[in-house]
Each structure stands twice: as C-alpha cells, then as structure tokens.
Amino acid sequence: MKILLIEDDKNLCELLQFQLESEKHQVDSCHDGRDGLDLFLQNAHDLVLLDRMLPTMNGLLVLKKARNAGVTTPVILLTALGELYDRIEGLDSGADDYIVKPFEYEELSARIRSLGRRSGTWEEDSLLQYGDITYDTSLRILQGPNCGLQLSGREGHLLEVFLRNPASTIKRMVIFSKVWGVDAPVEESNLDTYIHFLRKRLGSVGSCLNLKTVRGIGYLLEEDAAGGSDVP
C-alpha cells in the first residue's frame, strides 16, 4: 500500500515510517501542511495519515481543501485532541477514521487494515485479476492465456497501478508518484520505456488487454477483443 504520512513531529514521523515500511508499505512523508496538501492533491496514494496540528496549514484545512478538490483517498487523522467535539469535527471535515495520540502502533495498523476492508480502495489479497490475466503481487508472476512469467520489480509496480484502476485513465504524474515516488529524479522517457516493456509482457503471455496511450494525459488499461496495444 502507498501511504502519505503528514506529521510535524519528526521523531514520531520517522518511527511511524519505519514501522509502516516494516509491514511492506511504501511511505512518503512530510512535516508541513502546505507541502502535505501538494502531495495529497497528486492523488497518488492509497491512504493518508494526517496530523491535525501542522505548521503553515492545519490538518483540517488540508483535508477540506483536498476533499473540495475531489480527492477521495481515505484519511486517518492523528491528533492529541481527543474530545468528542474534536472527533466529530474531524470526521465532518472528511476524515474516515480518527486516532488519538499517544497510541500504540498495533492499533494504528489494525485501523489501516479495517479501513482498507471497508473502503475497498486497496486489496489485501495479493492476487489481482482483470480481463484475461492474473497478477500475483507477492511473487510478481503475470499469468495470461498462453503462459506465465515473472516481472521485474518496476514492471510489477506499474502493472499493479493499472490493475487496481482498471479501465481508468491514469495521469503520467500519478504513475510517476506511485511507481517511482513523489521526489524521485526520474526522466520522462523512463515511463515510456516501462510502458513498452509492460506491453511486451502482456503480449508474451497472450493477453488481449490493451495498454492504451491517452494523448497528453496518461495511459489506460482496457479490455480489447481485437487484441494488441497502442503505441506511444
């Protein structure tokens, strides 16, 4: 799961990032409200962990602005404000869950799993399926009508982005953020290269799925009875 952690306590942020990554999550973190909003608006994460008390812009305002912009990513508020009014205000601002500091990491981990089951935004099952293919995210095995093969780590991350958003146009910026990370120094051509690789892998297993270029926007994985893939 790709998680955005917005927390101004740098020691807590570092600890949470370590714990989350030990559970195989990918984590982007920042310590500032305005920077957090910029990352939030990229819509490139499966979950946001949002501190309520932040410098430059408080967490509730960050959340309201993101929701007003149409970003529906699930959010868990992390805060020391635990009164009933504070919890209601947080939930009414668009949060999906609320955890009061100090908390044990085990509780946060359980809330993340619970929210995932309720929202359906991500799947705990490592086996993803769309059209005529299945992909095992843990083994990185792509299985099609003709055969199966193992993908590289980058190819696997790229395919997973499309399989979790089938038949949806995904912007290039979102793909970069999900596959390489929000601050990774990546050339534009890198994405085109891996799209080419992924099209070849789909063809190798005999898939009729079409990894289509949406000019000026991004890419779309769709079912295509005629088979074949668009060229960039």
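Which glycine just after helix 8 takes a positive phi? Glycine 206 does, at about 80°. The model is predicted. This briefing covers strand 1 and its partners, then helix 8, then the sheet of strands 10, 12 and 11.

**Strand 1: burial**

- Strand 1 spans residues 2–6, and five of the five are buried, so the strand is largely enclosed by the rest of the structure.
- In a regular strand, side chains alternate between the two faces of the sheet.
- Strand 1 is covered on both faces.
- Lys2, Leu4 and Ile6 are buried on one side.
- Ile3 and Leu5 are buried on the other.

**Strand 1: pairing**

- Strand 2 covers residues 26–30 and pairs with strand 1 in the parallel sense, over five bridges.
- Within that pairing, isoleucine 6 sits opposite cysteine 30 of strand 2.
- Helix 1, residues 10–22, joins strand 1 and strand 2 in a right-handed β-α-β unit.
- Strand 3, residues 47–51, also pairs with strand 1 in the parallel sense, here over four bridges.
- Isoleucine 3 has leucine 47 of strand 3 as its bridge partner.

**Helix 8: length and buried side**

- Helix 8 runs from residue 188 to residue 204, which makes 17 residues.
- From first C-alpha to last, helix 8 reaches 25 Å, close to the 24 Å expected at 1.5 Å a residue.
- Its buried residues are Leu191, Ile195, Leu198, Arg199 and Leu202.
- These residues cover an arc of only 105° around the axis, which puts them on the same side of helix 8.
- What do the buried residues of helix 8 pack against? Their contacts include two helices, helix 6 (153–163) and helix 7 (172–179).
- They also pack against strand 7 (133–136), strand 8 (141–143), strand 11 (209–214) and strand 12 (218–223).

**Helix 8: asparagine 190**

- Asparagine 190 belongs to helix 8.
- Is asparagine 190 buried or partly exposed? It is partly exposed, with a relative accessible area of 29%. The cut-off for buried is under 20%, so a value of 29% does not meet it.
- Tryptophan 180 is 10 residues away along the chain, and the two C-alpha atoms are separated by 10 Å.

**The sheet of strands 10, 12 and 11**

- Three strands make up this open sheet, in the order 10-12-11, with antiparallel pairing.
- Strand 10 (170–171) and strand 11 are the edges; each has a single partner strand, so one side of each lacks a neighbour in the sheet.
- Helix 6 packs on the sheet and touches strand 10, strand 11 and strand 12.
- The direction of helix 6 makes about 65° with that of strand 12.

**Bridges and the hairpin in that sheet**

- Two bridges pair strand 10 with strand 12 in the antiparallel sense.
- Isoleucine 170 stands opposite tyrosine 219 of strand 12, and lysine 171 has glycine 218 as its bridge partner.
- Strand 11 and strand 12 run antiparallel and are joined by six bridges.
- Lysine 212 has leucine 220 in strand 12 as its bridge partner.
- Strand 11 and strand 12 form a hairpin with three residues between the strands.
- In that hairpin, glycine 216 takes a positive phi near 75°.

Technical notes. Residues numbered from 1 in each chain as written. Predicted model: local features only at pLDDT ≥ 70, side-chain atom pairs only at ≥ 80, totals over all residues. Heavy atoms only, no water. Buried < 20%, exposed > 50% of the residue type's maximum accessible area, 1.4 Å probe, protein only. Pairing = 2+ DSSP bridges. Right-handed = clockwise from strand over helix to strand, strands pointing away. Expected span 1.5 Å × (residues − 1). Arc of directions from axis to C-beta. Contact = heavy atoms within 4.5 Å. Axes fitted to C-alpha atoms, helices over the stretch in contact; angles between N-to-C directions.
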